[in-house]
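The following exercises introduce a protein structure step by step. Please study the sequence and the model before reading each solution.

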Amino acid sequence: MKKIFFVLVLFFLPNKKAISQINFARDTSINILENSVQLKNAWNGGVNSAQFSEIDLNLDGIKDLIVFDRCGNKLSPYINDNGNFVFSPQYRNSFPKIKSWILLEDYNCDGKNDIFTYSTAGIAVYLNNSTTSLEFILMDSLLTYPSSSPVNPNIYVSPIDIPAITDVDYDGDLDILTFEVSGGFVHYFKNMSIENHNNCDYLEYSFSDGCWGDFYEGLNTYTLNCTNCQCSPILANGSNKNIKHAGSSLMAIDVDGDNDKDLILGDVSYNNLNLLINGGDSQNALIVSVDTAFPQNNTNTIPADIHIFPSAYFVDATNDGIKDVIITSNMQNNSENIESCWLYENIGSNINPDLNFIQKNFLQGSGLDFGENSHPTFYDLDGDGLLDLFVGNYGYHLSNGTPISKIAHYKNTGSAQQAEFTLITDDFEGISTINLNTNLNTPALNLYPSFGDLNGDGEEDLIIGDSDGKIHLFINNGGNFTINTPNLNNIDVGYFATPQIIDVDRDGLRDLIIGNKKGTISYFQNIGTQTNPDFINEITNWGGIDIDSAYVQDGFSSPKLVDINSTYHLFVGSFSGKTYLYNNIEGNINGTFTELQTINTKVWEGAKTSIAVSDINNDSQVDLIIGNQCGGLAYFIGDSSVNNSVSEIYNTFNTIPNPARHIIYIDNKKEENIFIYNSQGKLEIISKKEEVDISELSIGMYFIQVGTRKSQFIKQ
């Protein structure tokens, strides 16, 4: 008996190369087709609340684009390739860690744009020190200005605001316009580099004006002619309370060619941009009028209409040497998410722009974009041996404020060595219209899909987790999925259920593991049968895992248990975007797992990540597709150049019946070789049939291998 046990252990332990390090390299080579059009930047990770700046990334003398997204604090570089912007993530690692906002402007007049970014209620500056490659060095961690206080105060910028960094007085150095702490008035900080040093190499600021332009702003409402910063307060809805500043975006450019800076301003909770015309001059600003429909009235085009908190950026997006205007949402989430980058082409000049509306999805339309939060998984729907891609989401924005959640299906139209995914439908089985929320009788939000055979018929069924922490079962009937059980077993993991169907304890029954908003994972052992699963037993805090607990309260765990070299490894996505990896799971499913520090830090794609794991290119390497809060996907290929060698990647499957006496049935639509081994490891049967005669086998335990799948059964 001991000998048999020893052989069983060997069967499930790594039989070729052990995993000492798992490294990945970002890859953008897999083609994605939508409506017969190949997406140029398919793997750009999605774009939601973007900020646009120009910089020469590859030092070829041509300005490229940086897109920073408040959604997950994700920075995405784009190389200007003969007028086409190409997603080039390799430049991301050259930038420092950015949070809340970034503006790239050349402060020292060397022709290279530097970084101005948020830092502790203020501004940090990094010098572009590039020579042979892109490089930045920190010049000032927090810009300050002289005052009578013992300690010089910092130039205040709220983390939700966007300041204007521009040469306000036209003297050759960069000044700053930003709202005061309590809001309402715009403060003007003059750069004294030219005055003090006769060059622009310095970051020396003085507080020049406490109410630049002599206007007061109160949530999309304005009071003009506030001489000496005195004006009547703007009251809230007729009450005696002043309207408080809650968040604004600023862009200062000359829109009327009179050599002074006008102001384009967006407010939180509003969908329009306001053009504030400077009727003064470059030394003494005076706002004389407010156009609430910018840029319509100014340039005879359509006005900005971005749901919640618009912001504007002045960059050359059309590659004609003239700066255009891109209008986006400055809201981190719950705002427009697939048409939130409005491009207005400038057919005038930089000092007298004439704007013409072009599109609502600049760069967004060139990449995979599932709105807010993307949840990828693999399943071979048509049984052709190629894994298809399914992607759930939290939702596509709707103007009424309630997003619509869907599951998209991309068929793998490539090969085993080179995948290609073609969009079949963005609403698989019309699930977005099914009232899975039985309490409100409405469709569910945050659809998180997982496939696996739960009724023992040899076809993989569909489990969907939702934002309320519930899961829902769809039965596979010959490739068609129909709702079978909303709120399966009344399972409730709190909020944001992220399920996976997998035989955790290797007893031939598919179990459930489910992540949640807290960051823990629940394990539901299947104590039913192959045809009638029962998940009433829950082990909370499975493996002792609490994702991101060192950083935030809610970790948003999304687990993916994978059989690598016949040993389970657990990948987990998180709120922070870190990909966690655990082992010490085999024989320890009720214990504490071991976190492995083996995934390179380059595996990151923003916040609230979800992970699909498989060998996509048939090279025996673990590959990852990662979804994120911004609604896109990133592809990371197993990197063999750094010893990421994984010899076999197995999935388990069921045999019917189990135990069996005469015949077993195996899902083998691809007609692969079926190998059946006894407990000593001896090969007993080779077959390609789905119906296998086992009547001649001796009583005992047997193991089955079909391609990259493994199972076991008991002969009675």
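**Exercise 1: Overall build**

Of the 716 residues of the protein, 56% count as buried, where buried means under 20% relative accessible area, exposed over 50% and partly exposed in between, with a 1.4 Å probe and protein chains only. The model is a predicted one, in which local features need pLDDT of at least 70 and side-chain atom pairs count only at pLDDT 80 or more, while totals for chains, interfaces and linings use all residues. Residues are numbered from 1 along each chain as its sequence is written, and side-chain values use heavy atoms, with hydrogens and water left out.

Task: Describe the secondary structure, the compactness and the surface of the protein.

Solution.

Step 1. The protein contains three helices and 51 strands. Helices (H or I, at least four residues) and strands (E, at least two) are DSSP runs, numbered from the N terminus.

Step 2. The radius of gyration, taken over C-alpha atoms, is 29 Å, and the globule rule (2.2 Å times the number of residues to the power 0.38) gives 27 Å for 716 residues. These values are close, so the protein is as compact as a globular protein of that length. The C-alpha trace spans about 100 × 55 × 55 Å along the principal axes.

Step 3. Contact means heavy atoms within 4.5 Å. Among contacts between residues at least 6 apart in sequence, 51% join residues at least 24 apart.

Step 4. The accessible surface, from the Shrake-Rupley method with a 1.4 Å probe and, for residues, only the protein chains shown as cover, comes to about 28400 Å². Carbon and sulfur atoms account for 47% of this surface.

Step 5. There are 39 positive and 87 negative side chains. Lys and Arg count as positive and Asp and Glu as negative, whereas His and the chain ends are not counted. The centres of the two sets lie 12 Å apart, with each charge placed at NZ of Lys, CZ of Arg, CG of Asp or CD of Glu.

**Exercise 2: Aromatic pairs**

Task: Determine how Y145 and F189 are arranged and which parts of the chain their pair ties together.

Solution.

Step 1. The structure holds 28 aromatic pairs. Rings of Phe, Tyr and Trp (its six-membered ring) pair if their centres lie within 6.5 Å; planes under 30 degrees apart count as stacked, over 60 as edge-to-face and the rest as tilted.

Step 2. Y145 and F189 make a tilted pair, at 5.0 Å centre to centre and with 55° between the planes.

Step 3. Y145 belongs to the loop between β11 (136-140) and β12 (164-166), and F189 to strand β14 (residues 186-191), so their pair ties together parts that are 44 residues apart in sequence. Y145 counts as buried at 15% relative accessibility, and F189 likewise counts as buried at 2%.

Step 4. A further tilted pair is that of F390 and F451, whose ring centres are 4.9 Å apart with planes at 55°. F390 lies in strand β27 (residues 388-395) and F451 in strand β30 (residues 448-452), so this pair ties together parts 61 residues apart in sequence. F390 is buried at 0% relative accessibility, and F451 is buried at 8%.

Step 5. F390 and F451 form one aromatic cluster with Y379, F428 and F481.

**Exercise 3: A cis peptide bond and the surroundings of F294**

Task: Which residues does F294 touch, and where does F294 lie?

Solution.

Step 1. F294 is in strand β21 (residues 287-294) and counts as buried at 2% relative accessibility.

Step 2. Not counting residues up to four places away in sequence, F294 touches I264, L273, N274, L275, P303, A304 and L355.

Step 3. The peptide bond from F294 to P295 is cis, with omega near 0°. P295 lies in the loop between β21 and α3 (296-299).

Step 4. Another cis peptide bond runs from I656 to P657, with omega near -10°. P657 is in the loop between β45 (649-652) and β46 (663-665).

**Exercise 4: Positive phi values**

Task: Is N220 buried or exposed?

Solution.

Step 1. N220 occupies the loop between β16 (216-217) and β17 (222-223), and its phi is near 70°, a positive value in a residue other than glycine.

Step 2. With a relative accessible area of 17%, N220 is buried.

Step 3. E429, in the loop between β29 (420-425) and β30, has a positive phi near 55°. E429 counts as partly exposed at 32% relative accessibility.
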